[in-house]
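I wanted to see how the parts of these two chains are put together. My notes follow the order in which I looked things up.

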Amino acid sequence: MIESNWKQSIPWRALTMVGALLVIWILFSIGTDGTFLSPRNLSLLMRQMAVTGILASGMVLVIVAGQIDLSVGAMTGFLGALAALLFVNHGWPLGLAFAATVLAGALFGHIQGHLVTWFNLPPFIVTLGGMLIFQGSLLGLTGGVAVSPTPDFLAVGQAFLPKGVGWGLTLLLDAFFIWRFFKEKSLARWKWAGLFVLATGFTAILNAYEGIPIPVLLLLVLTGALSVLALQTPYGRHLYAIGGNREAAFYSGINIKQHLVLVFTLMGALAGVAGIVLTARVGAATSDAGHMMELDAIAAAVIGGTSLMGGRGSVWGALLGALVMASLDNGMGLMNTEAFWQPILKGSILILAVGADMAGRRKS
Amino acid sequence: MALLELKNITKDFPGVRALDGVSFDLNPGEIHALCGENGAGKSTLIKILCGYHPAGSYGGEMFLSGQKVFFKTLQDSEKAGLALIAQELALVPEFSVIENMSLGQEPSHFGLLQKDQAEQNCRRALEKVGLSVDPHTQVKDLGVGQQQMVEIAKALSKDARLLVLDEPTAALTESDSKRLLDLLSQLRQKGVSVVYISHRLEEVARIADRVTVLRDGKSVSTGPISQMPKDKIIADMVGREVKTFYPRPPAREGEILLSVKNLSFENPQVPGRKILDGVSFEVKAGEILGLGGLMGSGRTALLSALFGVARGKVTGTIEMEGSTLPPFNHPTQAIRQKIALVSEDRKRYGLVLESTVRENLVLAVLSKLTRKGLLDGEAIDLSCEKEVLDLRIKTRGLSTLANQLSGGNQQKVVLGKWFLTSPKILLLDEPTRGIDVGAKAEIYELLGRLTAEGMAIVMASSDLPELLGLSHRILVLNQGKAAGLFDEHSATAEKIMEAATAAAGKAKAS
């Protein structure tokens, strides 16, 4: 069957978002005499968005399934401190400390998911409670004192991929894109050409500084994996169906409770990863780590086109959303804007993005 | 002079001309039926009439009592005395009848609600429509028929002199429908005019003074009911003669595929009140078993219980292929046993409306269409294209959103979704509700093909001609009990209604 209207197959939404991001970048570039677009700053920008980006790409799945998780910020802070303590104070090997942290996150998410599904508690309430519990636990765990791990821990947040390895990975990816470009015959092939340019440019710019930052690599790998999960597995499509019409999904034989418990579990595990990256990037686990990050993640997902009603959203969109938010922080920081402007502008952009999206959808 | 006159109305949507020079008029105290398949332009016409499509967005003119009117909003038309009773009722379920009735026109004094006044107004309005319910009842506790009466009462309380009813009986039982029609006749005598839209031509014949048939955005014929017999209306609607409207497939003596014994379940909210009470029956391969009964008699409950979606603990046994099973408590179990349910409310239980046709079609079989854990795009498209062709689903493509399809095609998507699970037993709950005549005929024909292939079908329907015309046997339910079983030769509308309405315990199987 041929889609008769080729205009429909062009991802207007995604293009609009990329356009908006470019406008923001150009404005900041002018405002900072080009400093904003320097490789050094772009590298910093990417590292700044890593933690929010990891949380946002998981949050998309949670929201797509018609749920919400307010606990992830506090959980990220708590798990980041847990990893540091296990490694520093208890002398666990690094790998084991990391694995235990991610598992702990999965377990916390699992428990919250159970409360939501089996006891039928609203996810807003369960995870709001979770947020408070994790905030308190973080304070109790650190006793208000920052815990600073040694360099091999910090590498997760601060090291760079050797430039040669970076190019190697990029070439592999590029080869894949070229193969898909020639395999695909329809208009969609240009998507692969675009990705080719993007990947090559990305590596070129970051290698012009010190290389691809490890947290950014981690973010991209996770985003890629989650995107495949969302788009190309039955589990992912079921999440969309559950968020789109829970009754219809149930009547189609989908085990809703199992799916939802798993999505909260996944979110918890991602909070574990985000916590490790956060501690490593900042250089220490502090008692207010992760504060408000759940809202940044939700905002990034929503700016990226995720509908809070469920059933609609994309992982790559959330990554773009996180990039928009990080760009605002970074750019305003560079321009020495007074700090109070940052949340005001971010809030306005959030409302504007959703408003534009709604207007665009009404028209079609 | 005509109360309402629409002249030469033309309305374009991007790429489609929905209405093409339609004229329509309505006299005081007249019931004028508007017939046509889904997509013929009926909805567009009434949306123009009510100001939903504002003046200026369409071509042509509208006159009310000889005066040219320009409705920009629903409020404009309401002020002029028009009231639309839509398919989806516009009541707040959690509000009482009084609150609903006064919503938007609350009597107040210095900004404070005058509750006594509101109650009086409400009682007066209820009296007008002859509805005797406690006005303090929450609307969600009323039956659909009663809710509709409340809507009409609300319209009348706003001094409406022109009612537009869009498929008012689609969700009503026979007796509620009859009451509604009686009410409309009474209102007509009091000078109220009605535009009546319905797929049920028996009703149209009974109540309408005049009929106008729309097809493809054009007015095909209009005339007094005496000159518009049912056959002519149908022929005009579909543009061709519909010969055998209910093509009952020949009866086949197949093996028994499903045998249900003593199925019961209680209302979880009201312990002791049985929604299903010891129902037993069997279905053979190649057979259509009809389920008759009034609204609330347990038809939907029975199908839900068989499919594992009943909201309560089901007891009894289900025998399939020689093994005896307890009732299912999750649809997965039913699907594994090759049972499929097409529910009565496709928008709520059948479709993910904001998803594509493709996603909806494969929703129940996604886990099977994978390669190494990832979805197999080609296999998915192949499956979808097969169903689109087999069922003649009219869609621009697989990526079209489900909510952009007409009701008939949405229903076909739901059917397609289940056929992909290759079911042996198909449970249908009101399969043709709100679907146009053409799509109905296609679905009937499809049922014939399915039974010829040996599928067993259990079909609940409120549409008696449909039930009688298609079923090989009809099981009538009455207050959760089996109240009669008729074969195709002995079943008549009268016998079914008698069994369905008899006081509990008196009905016998024949």
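The entries below cover domains, helix packing, sheets and the contact between the chains.

**Entry 1: status of the model**

I am working from a predicted model.

**Entry 2: domains of chain A**

I looked up the division of chain A first. Domain 1 of chain A takes in 41-159 + 213-357, and domain 2 is 160-212. I read a separation of 26 Å between the centres of domain 1 and domain 2 of chain A, taken over C-alpha atoms. Seven residues of domain 1 of chain A are in contact with seven residues of domain 2 of chain A. On the domain 1 side, H3 and helix H10 (214-232) of chain A each give two or more residues. H10(A) has the largest share there, with three residues. That side of domain 1 of chain A divides into six nonpolar residues, one polar and no charged.

**Entry 3: helix packing in chain A**

I describe two packed helices by the angle between their axes and the distance between the axes.

I began with helix H3 (residues 39-64) and helix H15 (residues 315-334) of chain A, whose axes cross at roughly 140 degrees and come within 8 Å. H3(A) is therefore oblique to H15(A). The crossing of H3(A) past H15(A) is right-handed. From H3(A), the residues that meet H15(A) include Leu44(A), Leu45(A), Met49(A), Gly53(A) and Ala56(A). From H15(A), those that meet H3(A) include Ala318(A), Leu319(A), Ala322(A), Asp329(A) and Asn330(A). I noted the classes in the contact of H3(A) with H15(A) as 14 nonpolar, eight polar and one charged.

Next I looked at helix H5 (residues 94-117) and helix H13 (residues 256-282) of chain A. Their axes are 6 Å apart, at an angle of about 145 degrees. H5(A) also passes H13(A) in a right-handed crossing. The contact of H5(A) with H13(A) has 16 nonpolar residues, twelve polar and one charged.

**Entry 4: domains of chain B**

Chain B is divided into domain 1 (4-238), domain 2 (255-338 + 423-510) and domain 3 (341-422). For domain 1 and domain 2 of chain B, I found the centres, taken over C-alpha atoms, to be separated by 33 Å. Twelve residues of domain 1 of chain B are in contact with ten residues of domain 2 of chain B. Helix H6 (174-189) and helix H8 (230-238) of chain B are the elements that give two or more residues to the domain 1 side. Which of them gives the largest share? H8(B) does, with three residues. The domain 1 side of this contact has four nonpolar, five polar and three charged residues.

**Entry 5: six-stranded sheet of chain B**

I then traced an open sheet of six strands in chain B, in the order S6-S9-S10-S3-S11-S12, with mixed pairing. Strand S6 (82-85) and strand S12 (218-224) of chain B each have a single partner strand, so one side of each is left without a neighbour in the sheet. Neighbouring strands are turned by 15 degrees against each other on average, direction ignored.

At one edge, S6(B) runs parallel to strand S9 (residues 162-166) of chain B, and four bridges join them. Leu84(B) stands opposite Val164(B) in S9(B).

I checked which helices lie across this sheet. Helix H1 (residues 42-49) of chain B lies across S3, S6, S9, S10 and S11 of chain B, at about 150 degrees to S9(B). H8(B), which I met in the domain contact, lies across S3, S11 and S12 of chain B and runs at about 25 degrees to S11(B).

**Entry 6: four-stranded sheet of chain B**

Chain B has an open sheet of four strands in the order S14-S13-S16-S17, with antiparallel pairing. Strand S14 (274-284) and strand S17 (323-325) of chain B stand at the edges with a single partner strand each, so one side of each has no neighbour in the sheet. The twist averages 10 degrees from one strand to the next.

Six bridges join strand S13 (residues 256-266) to strand S16 (residues 314-320) of chain B. Phe265(B) stands opposite Val314(B) in S16(B). Helix H9 (residues 299-307) of chain B lies across S13, S14 and S16 of chain B, at about 70 degrees to S14(B).

**Entry 7: contact between the chains**

Last, I looked up the contact between the two chains, which takes 29 residues from chain B and 21 residues from chain A. On the chain B side, helix H10 (331-336), helix H11 (346-350) and strand S20 (374-375) of chain B give two or more residues. That side has 14 nonpolar, nine polar and six charged residues.

Conventions:
Residues numbered from 1 in each chain as written. Chains lettered and ligands numbered in written order. Predicted model: local features only at pLDDT ≥ 70, side-chain atom pairs only at ≥ 80, totals over all residues. Pairing = 2+ DSSP bridges. Axes fitted to C-alpha atoms, helices over the stretch in contact; angles between N-to-C directions. Nonpolar A, V, L, I, M, F, W, Y, C, P; charged D, E, K, R; others polar. Left-handed = near helix turned anticlockwise from the far one by under 90°. Domains from an automatic or database assignment. Parallel < 35°, antiparallel > 145°, perpendicular 65-115°, else oblique.
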